[in-house]
Amino acid sequence: MTEERRYSCETAVDTLAWINDIIHFLTPYFSSFINPHVVNFFKDQLWENVNAEWIDCLRREPVQNLLLIPSGVVKDHWPASLKEYILKLRSMVFCQEQADINMALPGLQMTSLNRVIAQGMNGKKRHEVEALSAVVSTVAESVRAHAIVDVGAGQGYLAQVLAFQYQHPVIAIDACSHHGMVTDARAERIKKHYTSQMVKSGSGIKNLNVPKTITCRVLSIESLKALVETSVPRYDLDQSMLKGENQEDKGKLNCPGGGDANNRSPTVLAGLHACGDLSVIMLKTFLDCRDVKAVVSIGCCYNLLSEESIGDGESQCGFPMSRALRSAGLSLGKSARDLACQSAERWRNLDMHAGIHNFELHAFRAAFQMVLSKYYPEVATSTPSIGRKGKALRRRNQRRSAKSELHLKGSTCHVKQNFCAVVPAESKTEGISGSASETQTLSGEISSNERAECEGIKIDSKSSNFESFCQSGLSHLGIKNSHDVNLQGIWKEAEPFADLIGPYWSLRAALGPLLETLILLDRLLFLQEQGSALEAYLLPIFDPNISPRNVAIIAKKIDKDLRSF
């Protein structure tokens with residue numbers, strides 16, 4: 001097995017070397033894993049694209065072992081080539097373990113969010129906003145910024161914490177007018193709370209920063225640059241404006257049409273999961289707009305990145321950004337961008353039953369694609385979306401389990417039925433549905449007649465679930481179910497290979513974090529290619545088990561006057 005190499009992205013040379021190794025590794029797998037769509041698993045017999053020894057080994061593995069493959073976990077008894085594939089790709093993945101941000105950013109002081117300012121946030125959002133607000137505030141202070149622009153602000157959670165808790169002037173930009181109204185309404189409630197607290201404490205009423213909201217769809221560097229130049233208060237204005245004294249006039253701003261761009265305030269761009277190309281626009285605006293002194297960007301939705309206009313010249317596409325990759329003519333394609341959204345942490349944290357259920361859904365969707373290809377070929381060619389069917393299927397399984405328990409009147413068969421209801425065809429393979437002892441214990445608890453009855457329930461449950469899945473999918477597509485469509489026949493054709501979809505999906509999903517690494521390194525290299533005029537680095541600031549898209553790209557323009565700050 002090849003020796004693991006340690007990668008670095010401290011310099012442009014290091015980053016490019018890392019990128020080149022990733023591309024070299026990925027290239028052979030585009031045809032077998034990356035480009036094929038899993039919905040065509042049965043139709044195109046995708047398992048035949050994979051090393052037969054790997055498939056033969058993994059189809060016998062417990063589902064827990066399959067779920068750990070994207071995290072780089074291997075077993076000693078696996079083929080050497082399979083272990084090398086998993087370990088090699090994992091060695092090239094950017095480490096997303098949460099960094100010690102206090103060490104990475106000296107002077108950072110993270111403050112817990114109080115009950116009022118955290119109202120409306122779920123646990124994930126609170127974790128993200130608490131960490132990111134502290135990082136953005138520290139970066140803003142390091143470049144002596146007078147304003148922060150929250151790009152893709154949503155309902156304004158980050159903007160409000162930066163304004164009220166860290167006392168920065170903040171402009172919140174979002175494309176949705178409803179989000180702007182929610183942000184304003186929440187800000188007013190928070191302002192009343194802080195004002196009340198100041199009155200009760202007898203400390204006197206201090207001026208509070210309240211985020212200004214702008215409703216505008218940012219589609220280009222020019223539009224974001226114009227928003228910054230016309231919305232951020234001028235540097236030569238009275239400092240009281242910068243500290244929020246005139247917040248009664250904040251109102252709701254519309255897209256500006258122009259303005260004096262001279263003497264603008266130093267500004268920081270911040271984005272919490274700015275979607276698709278929006279994160280790219282932020283990084284390019286950081287370079288193009290002299291007023292923007294720093295950027296803190298956490299991207300997401302790589303599937304929505306654009307890849308047009310690839311060439312040697314300047315490009316507006318979302319990937320690739322760096323000159324090096326553009327000159328190489330690298331293109332990922334939609335399937336690869338979709339795959340980059342996969343999270344190893346998500347799979348690792350699934351329990352056995354949830355994992356089996358996920359693989360079952362993939363099997364049903366792939367078999368449903370066979371239905372479309374055979375009976376509705378004009379629909380199948382577009383690879384349509386049929387919505388999320390997982391919750392509906394789980395509810396159906398629960399109802400079936402309850403009915404079975406009543407029907408069997410206390411026999412132990414219902415225990416097996418409850419388990420079988422979500423076990424895909426891979427349960428026929430030893431170990432895939434749990435340990436061998438667990439399977440033997442379930443089998444040993446019932447008589448041969450009861451076991452036969454359970455097997456009948458299992459088969460009926462499986463085919464019935466698939467039929468319900470198809471009917472829901474056809475309804476979602478606006479297609480009336482026809483008696484001429486033989487759903488049971490399609491399922492019987494696909495079921496013998498259903499135990500292969502778990503291994504295939506796991507091997508393919510393992511490439512997701514590596515593709516995300518490639519996208520992140522390309523963005524970093526784009527900044528590093530600008531030379532010594534700026535510093536840029538990647539920093540994972542969230543717990544990846546809570547928020548998998550956790551890597552922030554932080555960049556600051558080097559100002560001689562700020563080097564000693």
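How many helices and strands does the protein have? There are 24 helices and eight strands, and this is a predicted model throughout.

**Figure 1. The whole chain, before we zoom in.** Of the 565 residues, 54% count as buried. Take the contacts between residues at least 6 apart in sequence: 78% of them join residues at least 24 apart. The helices number 24 and the strands eight, and the next views pick out a few of them.

**Figure 2. Strand β1, buried from end to end.** This one spans residues 147–151, and five of its five residues are buried, so β1 is largely enclosed by the rest of the structure. Look at which way the side chains go: Ala147, Val149 and Val151 point one way, while Ile148 and Asp150 point the other way. Both sets are buried, the aspartate at 150 included.

**Figure 3. The two neighbours of β1.** On one pairing, β1 meets strand β5 (residues 267–275) in the parallel sense, over four bridges. Here isoleucine 148 stands opposite valine 268 of β5. The pairing with β2 is parallel too, and four bridges join β1 to that strand. In this case valine 149 sits opposite isoleucine 171 of β2. Follow the chain from β1 through helix α8 (residues 157–165) to β2 and you have traced a right-handed β-α-β unit.

**Figure 4. A closed space lined partly by β2.** The structure holds four cavities of 30 Å³ or more, and this close-up shows the second largest, with about 50 Å³ of space inside. Which elements each give at least two residues to its lining? They are β2 (170–174), α9 (177–201) and β3 (212–215). Among the lining residues are Ala172, Asp174, His179, Thr183 and Ile214; Ala153 and Gly154 also belong to the lining. By character, the lining divides into four nonpolar residues, six polar and one charged.

**Figure 5. Leucine 89 and its partners from far along the chain.** Leucine 89 is found in helix α5 (residues 80–91). Is this residue buried or exposed? Its relative accessible area is 1%, so leucine 89 counts as buried. Leaving aside residues up to four places away in sequence, leucine 89 touches Phe25, Ala510, Leu511 and Leu514. Proline 513 is worth finding in this view as well: leucine 89 and proline 513 are 424 residues apart in sequence, yet their C-alpha atoms are 9.1 Å apart in space.

Note on methods: Residues numbered from 1 in each chain as written. Predicted model: local features only at pLDDT ≥ 70, side-chain atom pairs only at ≥ 80, totals over all residues. Heavy atoms only, no water. 1 Å grid on protein atoms, 1.4 Å probe; cavity = no way out; pocket = protein on both sides within 12 Å on 5 of 7 lines; lining within 4 Å. Points joined across faces, edges and corners; volume = space filled by probe spheres on them. Nonpolar A, V, L, I, M, F, W, Y, C, P; charged D, E, K, R; others polar. Buried < 20%, exposed > 50% of the residue type's maximum accessible area, 1.4 Å probe, protein only. Pairing = 2+ DSSP bridges. Right-handed = clockwise from strand over helix to strand, strands pointing away. Contact = heavy atoms within 4.5 Å.
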